[in-house]
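Subject: Handover of a structural model

Dear colleague,

Please find the structure below, together with its sequence. My notes on it follow.

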Amino acid sequence: MSDAVRLDDITKRFGTYTALERVTLGIDTGRFVSIVGPSGCGKSTLLNLVAGLAAPDEGEVRVFGETLRGINRRATYMFQQDALLPWKSVLDNIRLGLAFRGEDGTELAHQWVRRVGLDGFADHFPYQLSGGMRKRVAMAQTWIVNPDLILMDEPFGALDVHTRHRMESEILDLWAGTNKTVVFVTHDLEEAISMSDEVVVLSAGPASGIVGRYQVDLPRPRNLIDIKTEPRFQEVYRGIWADLRGEVLKSYAR
Ligand SMILES: Nc1ncnc2c1ncn2[C@@H]1O[C@H](COP(=O)(O)OP(=O)(O)OP(=O)(O)O)[C@@H](O)[C@H]1O
Ligand SMILES: [Mg+2]
């Protein structure tokens, strides 16, 4: 397997503050990888580096083997706060990425409206939707452009637990069999394990680095409602939590 993303000895500073220090991480093509770590440890910063929204001070980011300069055109980014345009309809929000490319996309956008369960809402505006529905629009926006690499920063943090499980399942259904690479940031270790092939733990800041990488060998497709009660899940959880716990406590102490 080849690396979809490779961070090579990355250091990122903001003024005198070092957010990430000497981070090296390769993510294989087609994998679903989660990044976890205490608040402020540099998860979003890491994702921004992969997206090309920020450049490292030292080291380099490689995307499918090529050094990244400027915006990462192979990736789409699903932000924590959804980035829907309030003055555009559901349909027009969904086809935004295609419109930027100069394509019409109306037909395909209608397919995606259905695919994310928003039948009948194509002409609605974001203010007329529930939080979960807005996330569905954001999901369609992300997937319609058929990216090789999908970056998600705590996309479901603001949702109630049931809606969240549904959205997580839908993401896994969309991803299954596509060979797309997903980098998923969350502070929720249960979410990270239940979704991922691998969980990467970052240390508490400043100068965060990788504490450990953990393979999640739970079979797919996964039933996210029940997976947390499975003994193997709990075993994996305990293994990762043993390391993450220390970092969370350090971040409290600072
Ligand atoms: N543009 C910036 N300018 C200055 N400091 C920044 C900037 N972006 C991030 N930082 C700092 O870098 C550190 C890491 O921030 P980052 O947003 O990556 O953390 P995070 O792990 O995503 O946190 P959270 O879980 O709360 O979202 C923080 O201390 C933050 O204050
Ligand atoms: Mg963040």
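In what follows, a helix is a DSSP run of H or I with at least four residues, and helices are numbered from the N terminus. Please bear in mind that this is a predicted model.

Helix α6

Helix α6 is followed by G177, a residue with a positive phi, near 75 degrees. The helix itself covers residues 161-175, and its end C-alpha atoms are 21 Å apart; this agrees with the 21 Å that its 15 residues should span at 1.5 Å a residue.

Which residues of α6 are buried? They are M167, E168 and I171. Seen down the axis of α6, these buried residues fall within an arc of 105 degrees, so they line one face of the helix. The cover over them includes α5 (131-143) and α7 (189-195). On the face of α6 turned away from the buried side, the exposed residues H162 and D173 are found.

Surroundings of ligand 1

There are 13 residues around ligand 1, and those that come nearest are F14, S39, K43, S44 and T45. Two elements, β2 (17-28) and α1 (43-51), each supply at least two residues of this shell. With three residues, α1 gives the most to the shell around ligand 1.

How is the shell around ligand 1 made up by class? Eight of its residues are polar, four are nonpolar and one is charged.

Yours sincerely

Conventions
Residues are numbered from 1 along each chain as its sequence is written. Chains are lettered from A and ligands numbered from 1 in the order in which they are written. This is a predicted model: local features need pLDDT of at least 70, side-chain atom pairs count only at pLDDT 80 or more; totals for chains, interfaces and linings use all residues. A residue is near a molecule or strand if its C-beta atom, placed from the backbone, lies within 6 Å of it. Ala, Val, Leu, Ile, Met, Phe, Trp, Tyr, Cys and Pro count as nonpolar, Asp, Glu, Lys and Arg as charged, and the others, Gly among them, as polar. The expected span of a helix is 1.5 Å times one less than its number of residues. A residue is buried if 20 or more other C-beta atoms lie within 10 Å of its own, exposed if 12 or fewer, and partly exposed in between; C-beta atoms are placed from the backbone. The arc is that of the directions from the helix axis to the C-beta atoms. Two residues are in contact if their C-beta atoms, placed from the backbone, lie within 7 Å.
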